[in-house]
Amino acid sequence: MDDYEAKTVLLAFRHRGRNVQLRASAQGWASLYLKHHPYQSRTRGTRNDYEQKALRQGMIAVNSILRDWVKGQVTAVECGMMSFDAVFPALHAHE
């Protein structure tokens, strides 16, 4: 779920009866991007447009990052390489 107001992405799913929720900051991704690719006078558009574009890209990037990371972690659990509690340690206390 995209929370545009909070500038975050929430991924919620159930794995073998256990609820998982992960939240990631698109604003954090955009801030890092802007740090490495700052607005310059020769950049097209206004500074605000440039920052909003970075934030929109951050929403897309964070969705992809979460999806790929979770797929890898769940695969490791399913293959017996790691336990669910090792992959998602903070979730164990919430059940």
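**Close-up 1. Phe84 and Phe88, two buried rings.** In this predicted model, Phe84 is buried, and Phe88 is buried too. For Phe88 the relative accessible area comes to 3%, under the 20% cut-off, so this residue counts as buried. The two rings form an aromatic pair with 5.1 Å from centre to centre. Their planes sit at 50° to each other, which makes the pair tilted.

**Close-up 2. Trp69 meets Phe88, and the cluster around them.** The structure holds five aromatic pairs. In one of them, the ring centres of Trp69 and Phe88 are 5.9 Å apart and the planes stand at 85°, so this pair is edge-to-face. Trp69 comes from helix α2, while Phe88 belongs to the segment after α3, so the pair ties together parts that are 19 residues apart in sequence. How exposed is Trp69? With a relative accessible area of 37%, Trp69 is partly exposed, whereas Phe88 is buried. Step back a little and there's one aromatic cluster, made up of Phe13, Trp69, Phe84 and Phe88.

**Close-up 3. The three-stranded sheet.** Here's an open sheet with strand order β1-β2-β3 and antiparallel pairing. The edges belong to β1 (2–3) and β3, each of which pairs on one side only. Two bridges hold β1 to β2, and in this part of the sheet Asp2 stands opposite Val9 of β2. Eight bridges join β2 (residues 8–15) to β3 (residues 18–25), again running antiparallel. Look for Leu10 here: its bridge partner in β3 is Arg23.

**Close-up 4. The β2–β3 hairpin and its turn.** β2 and β3 form a hairpin, with two residues between them. Which residue in the turn has a positive phi? That's Arg16, at about 50°. Arg16 is also exposed, its relative accessible area being 67%, and the cut-off for that label is over 50%.

**Close-up 5. Two helices across the sheet.** Helix α1 (residues 26–36) lies across β2 and β3, and its direction makes an angle of about 35° with β3. Helix α2 lies across β1, β2 and β3. Its angle is given against β2, and comes to about 25°.

**Close-up 6. Arg16 and Glu78, a salt bridge at the turn.** The structure holds three salt bridges, and this is one of them: Glu78 pairs with Arg16, with 2.6 Å between the closest N and O atoms. The partners come from distant parts of the chain, 62 residues apart: Glu78 sits in helix α2 (residues 47–78) and Arg16 in the loop between β2 and β3. Is each partner buried or exposed? Glu78 is partly exposed, at 42% relative accessibility, while Arg16 is exposed.

**Close-up 7. Arg18 and Asp85, strand to helix.** Another salt bridge brings together the side chains of Arg18 and Asp85, at 2.9 Å from N to O. This one also links distant parts of the chain, with Arg18 in strand β3, Asp85 in helix α3 (residues 84–87), and their positions 67 residues apart. Asp85 is partly exposed, its relative accessibility being 31%.

**Close-up 8. Arg67 and Asp68.** The last view shows a salt bridge between Asp68 and Arg67, whose closest N and O atoms are 3.2 Å apart. How exposed are the two partners? Asp68 is partly exposed, with a relative accessible area of 44%. Arg67 is partly exposed too, at 42% relative accessibility.

Definitions and conventions
Residues are numbered from 1 along each chain as its sequence is written. This is a predicted model: local features need pLDDT of at least 70, side-chain atom pairs count only at pLDDT 80 or more; totals for chains, interfaces and linings use all residues. Side-chain values use heavy atoms; hydrogens and water are left out. Two strands pair if DSSP finds at least two bridges between them. Helices (H or I, at least four residues) and strands (E, at least two) are DSSP runs, numbered from the N terminus. A salt bridge is a side-chain nitrogen of Lys or Arg within 4 Å of a carboxyl oxygen of Asp or Glu. Buried means under 20% relative accessible area, exposed over 50%, partly exposed in between (1.4 Å probe, protein chains only). Contact means heavy atoms within 4.5 Å. Axes are lines fitted to C-alpha atoms, for helices over the stretch in contact, and angles run from 0 to 180 degrees between N-to-C directions. Rings of Phe, Tyr and Trp (its six-membered ring) pair if their centres lie within 6.5 Å; planes under 30 degrees apart count as stacked, over 60 as edge-to-face and the rest as tilted.
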